[in-house]
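Good morning, colleagues. I would like to take you through one structure, beginning with its strands and ending with a few single residues. Please have the display before you as I speak.

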Amino acid sequence: MKKTAYAIDPAFKKMPSVTIANKRWLLRFLSTLISSTRLFYRCSDAVITTTHTVRGSDNNSVEIIEITPKTLQDKSKAPAIVYYHGGGFFFSYGRLHLKQVETYAEQLQARVFFVRYRLSTEQCFPGPLTDCVSALDWVYDNAEDLKVDRDRIAVMGDSAGGCLAASVTQHVADDNQQRQKPNIIRAQFLIYPALDSDCKTVSAQTFDDTPVWNATNNKIMWQVYLGEGKNPLHPPAYASPAHRESLTGLPAAYIESAEFDPLRDEAHNYADALEAAGVEVQRELVKGAVHGYDSVDCEVTQVAKAKRLACMKAMLCD
């Protein structure tokens, strides 16, 4: 089939175009390939990594990798980012994810808590989200021992991880309201996030042959995450953040999207809805880029990452 001629920046045109199939053995195999990229990865000498094992709210063990700059060793409190990796909910994380969070830790002088949540091929919704909420609760409850500033905790995620970050934000806001507690999340950073299980936006229907991620993969992602036989148009609460009726009172958000990404329009729509609800929103559309564009080192990526870090610093650290 002939590919559509999108005006994609030349730096991203050689990124792979792969359409996956809804076969669990294949998804698990691809996840193993991705995870293998981190086998010989060694973190920067500028950071210290510590692995914590946390008991989740459903009695599941959740592994959390803490990445802390060595410059923070003697400091009593620092900002924290609880990070949820992307990968369609069904792929593990690779070395690129680890490199990214190291950059956040070093550049922002923050402690990053990278969550290894259950994948959707092991446990569909709400399993992955339960792990992510439990990780945030653990960081907040143990802030003193972890040397974390309770007033400066953010959640962050890319792609499916962006969905989890937004879902955690909604879940925690409701939980805190019921307990009459202040919101424990300072900001939410959503990087080309998956937010809408309907898959009916223009971008979600149009971009069926874009590099890295396409409309078909997007639909399969939601089928596996929600569970076979469940209607993606009527997902359970917190599964698809775009379905929430009221966004009033949610914490400030930074939302980044790529021009040629099936997820582009749902990111724009969610930013619009947050703003309409009175939530502070910083947004960035990266022109000429595709989903996962920040894995390529080029001028477009460098400029976009600099803007991202500047917004994150202003919202979390200043």
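Let me begin with strand 1, residues 47–55, and strand 2, residues 61–69, which run antiparallel and are joined by nine bridges. Helices (H or I, at least four residues) and strands (E, at least two) are DSSP runs, numbered from the N terminus, and two strands pair if DSSP finds at least two bridges between them. Within this pair, V47 stands opposite P69 of strand 2. The hairpin has five residues between its strands, and there N59 adopts a positive phi near 70°.

A word on the basis of these statements. This is a predicted model, in which local features need pLDDT of at least 70 and side-chain atom pairs count only at pLDDT 80 or more, while totals for chains, interfaces and linings use all residues. Residues are numbered from 1 along each chain as its sequence is written, and side-chain values use heavy atoms, with hydrogens and water left out.

Now to the sheet as a whole. It is an open sheet of eight strands, in the order 1-2-4-3-5-6-7-8, with mixed pairing. Strand 1 and strand 8 stand at the edges with a single partner strand each, so one side of each has no neighbour in the sheet. From one strand to the next, the twist averages 20°. For angles, axes are lines fitted to C-alpha atoms, for helices over the stretch in contact, and the values run from 0 to 180 degrees between N-to-C directions.

An example of parallel pairing is strand 3, residues 78–84, with strand 5, residues 148–158, joined by six bridges. Here Y83 stands opposite M156 in strand 5. Helix 3, residues 127–141, packs on the sheet and touches strands 1, 2, 3, 4 and 5, its direction making about 160° with that of strand 5. Contact, throughout, means heavy atoms within 4.5 Å.

Helix 8 also meets the sheet: it lies across strand 6, strand 7 and strand 8, at about 155° to strand 7. This helix, residues 264–276, has 13 residues and reaches 19 Å from its first C-alpha to its last, close to the 18 Å expected at 1.5 Å a residue. The expected span is 1.5 Å times one less than the number of residues. Which residues of helix 8 are buried? They are R264, D265, E266, A267, Y270, A271 and L274. Buried means under 20% relative accessible area, exposed over 50%, and partly exposed in between, with a 1.4 Å probe and protein chains only. Their cover includes helices 5, 6 and 7 as well as strands 6, 7 and 8. After helix 8 comes G278, with a positive phi near 85°.

Helix 7 is our next stop. Nine of its twelve residues are buried, so helix 7 is largely enclosed by the rest of the structure. Among the buried ones are N217, N218, M221 and W222. The buried residues of helix 7 pack against helix 1, helix 3, helix 5, helix 6 and helix 8. At the start of helix 7, a side-chain oxygen of N214 comes to within 3.1 Å of the backbone nitrogen of T216. Just after the helix, G227 has a positive phi of about 105°.

We turn to the interior. In soluble globular proteins, nonpolar side chains tend to be buried together. A nonpolar core is a set of buried Ala, Val, Leu, Ile, Met, Phe, Trp, Tyr and Cys residues joined through side-chain atoms within 4.5 Å. The largest such core here has 62 residues, and those with the most contacts inside it include W222, Y270 and L274. Its largest share, eight residues, comes from helix 5. Apart from it lies another core, of 43 residues, among them I65, V101, A187 and A289.

Finally, two single residues. D294 is in the loop between strand 8 and helix 9. Is D294 buried or exposed? With a relative accessibility of 8%, D294 counts as buried. Its side chain makes a polar contact with that of Q100, at 2.9 Å. A polar contact is a pair of N or O atoms within 3.5 Å; within protein, one must be able to donate a hydrogen and the other to accept it, and residues adjacent in sequence count only if both atoms are side-chain atoms.

L309 lies in helix 9 and is buried, with a relative accessible area of 17%. Leaving out residues up to four places away in sequence, L309 touches T103, Y104, Q107 and L108.
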